[in-house]
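Okay, thanks for coming, everyone. Let me put the structure up and then walk you through a few parts of it.

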Amino acid sequence: MARFTLPRDLYHGKGTLETLKTFEGKRAMVCVGGGSMKRFGFLDRAVSYLQEAGMEVQVFDGIESDPSVDTVMRGAAEMLKFQPDWIVAMGGGSPIDAAKAMWIKYEYPDITFEEMIKVFGLPKLRKKAHFCAIPSTSGTATEVTAFSVITDYEKGIKYPLADFEITPDVAIVDPDLAETMPQKLVAHTGMDAMTHAIEAYVSTANCSFTDPLAIFAITMIQKDLIPSYNGEMEKRDLMHNAQCLAGMAFSNALLGIVHSMAHKTGAAFQDYGAHIIHGAANAMYLPKVIAFNAKDETAARRYAEIADFMHLGGETVAEKIALLIAHLRSMNEALNIPQCIRHYGADGMPAEEGFVPEQVFLERLPEIASNAIADACTGSNPRQPSQEEMEKLLKCCYYDTEVDF
Ligand SMILES: NC(=O)c1ccc[n+]([C@@H]2O[C@H](COP(=O)([O-])OP(=O)(O)OC[C@H]3O[C@@H](n4cnc5c(N)ncnc54)[C@H](O)[C@@H]3O)[C@@H](O)[C@H]2O)c1
Ligand SMILES: [Zn+2]
């Protein structure tokens with residue numbers, strides 16, 4: 001039985017943050033990240049709107065980027081003390097994802113992290129609280145998805161939690177919040193959204209309900225991302241909607257191995273000084289994975305359809321796929337995203353010498369490859385890679401070499 005699930009309500013457009021005034025409840029816990037929501041005044045506004053609605057409000061702040069299991073446990077403990085009936089998560093994918101995981105632990109205090117990461121295996125939520133998500137980045141679309149990504153820093157692995165139970169009840173997609181994003185964040189989150197839409201369109205779980213959302217998101221991102229990066233605010237606003245449409249698609253059609261590889265490389269080299277930022281990882285791996293997946297006939301046809309919708313030209317399926325790959329690489333170029341891990345430098349900028357040394361990459365490759373194969377996103381990829389193929393693919397992503405297998 002196929003299922004298509006989205007939040008019950010989605011408020012969109014400039015100024016819709018104000019919708020919080022209409023919420024009904026006793027206590028709201030507002031979860032935010034490191035400070036951007038406070039700095040730009042959105043946190044104060046959200047708190048006062050909720051107070052205007054008659055609620056007692058408590059803030060849980062300081063949720064780090066790529067949130068940890070520890071943070072989730074701390075937040076859940078705060079929720080157990082405060083007993084909110086609304087959880088309002090605001091900010092980038094990180095605080096919203098962390099709040100989703102806290103919500104599970106708040107509703108089921110005895111649940112372990114190992115039980116939480118069982119794909120589509122969560123118990124029923126909403127016995128204690130409802131969940132509202134308000135994104136401030138234009139990429140993860142976690143405000144409409146059934147996913148949350150939590151990092152186990154002891155293992156150096158990102159785990160996707162996946163279940164329609166954690167699809168938020170309400171999403172507020174207010175582009176005002178995205179207008180303050182710095183350029184680099186626009187680039188990375190925008191390519192994350194492009195990857196969501198493309199992976200959803202070729203996923204083995206795609207359907208008539210997800211295809212239109214994925215395709216329309218792809219064409220919007222193609223048109224709007226680079227002008228948004230270059231400072232056009234109307235395009236920035238459109239990108240906020242586009243990423244959300246991509247999210248509606250992939251939450252129901254699932255993803256593929258670009259995400260498996262991004263999840264398993266993201267924190268794998270943190271001892272060498274940095275994360276590979278989620279969106280940048282996707283942007284680098286997507287063209288390589290398209291070449292790999294295109295050996296599957298159905299996937300090849302669907303990539304060619306994407307190229308057609310993007311009006312990229314080409315006569316044959318192979319030509320169209322080559323043009324799609326070239327177009328995505330040119331987007332990376334325009335957005336100042338490196339094409340491979342070897343050139344992935346500080347802050348995700350292109351560099352002659354990246355921060356992941358070749359020797360270290362090669363030493364860790366077999367383990368990263370087997371972790372990527374085991375990732376929850378691999379199951380819906382159109383082509384199932386063997387250990388050897390996954391290692392070769394990751395090497396192509398390191399050296400920027402051609403995928404011919
Ligand atoms: N749940 C899902 O469906 C899903 C999908 C894709 C990715 N993810 C996960 O989401 C996380 C990444 O989320 P993200 O890309 O949104 O970034 P993020 O939440 O990690 O935020 C990155 C930085 O941007 C700042 N920031 C956020 N909004 C801002 C704004 N409007 N103005 C200025 N600064 C702002 C934050 O303070 C932070 O320092 C990763 O952990 C990734 O694995 C989740
Ligand atoms: Zn993503």
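So, β2 and β3 run parallel and are joined by 5 bridges; two strands pair here if DSSP finds at least two bridges between them. Strands, by the way, are DSSP runs of E with at least two residues, helices are runs of H or I with at least four, and both are numbered from the N terminus. This is a predicted model, where local features need pLDDT of at least 70 and side-chain atom pairs count only at pLDDT 80 or more, while totals for chains, interfaces and linings use all residues. Residues are numbered from 1 along each chain as its sequence is written, and chains are lettered from A and ligands numbered from 1 in the order in which they are written.

Back to β2. M29 has Q58 in β3 as its bridge partner. Towards β4 there are 4 bridges, again parallel, and here A28 is matched with W86. Of the 5 residues in β2 (27-31), 4 are buried, where buried means 20 or more other C-beta atoms within 10 Å of the residue's own, exposed means 12 or fewer, partly exposed is in between, and C-beta atoms are placed from the backbone.

What about W86? W86 sits in β4, residues 86-91, and is buried, because 23 other C-beta atoms lie within 10 Å. Its C-alpha is 6.9 Å from that of G25, although 61 residues separate W86 and G25 in sequence.

Now the whole sheet: it's open, with 6 strands in the order β1-β8-β5-β4-β2-β3, paired parallel. The edges are β1 (9-12) and β3 (56-60), each with a single partner strand, so one side of each has no neighbour in the sheet. Also in this sheet, β5 (130-135) and β8 (170-173) share 2 bridges, and C132 stands opposite V170.

Next, ligand 1. Which residues come nearest? Those are G92, G93, S94, T137 and T142, out of 30 around the ligand; a residue counts as near if its C-beta atom, placed from the backbone, lies within 6 Å. Domain 1 (9-178) and domain 2 (183-399) both contribute to the shell, so ligand 1 lies between them; those bounds come from an automatic or database domain assignment. Elements supplying at least two shell residues each include α4, β6, α6 and α10.

And α10 itself? All 16 of its 16 residues are buried, so α10 is largely enclosed by the rest of the structure.
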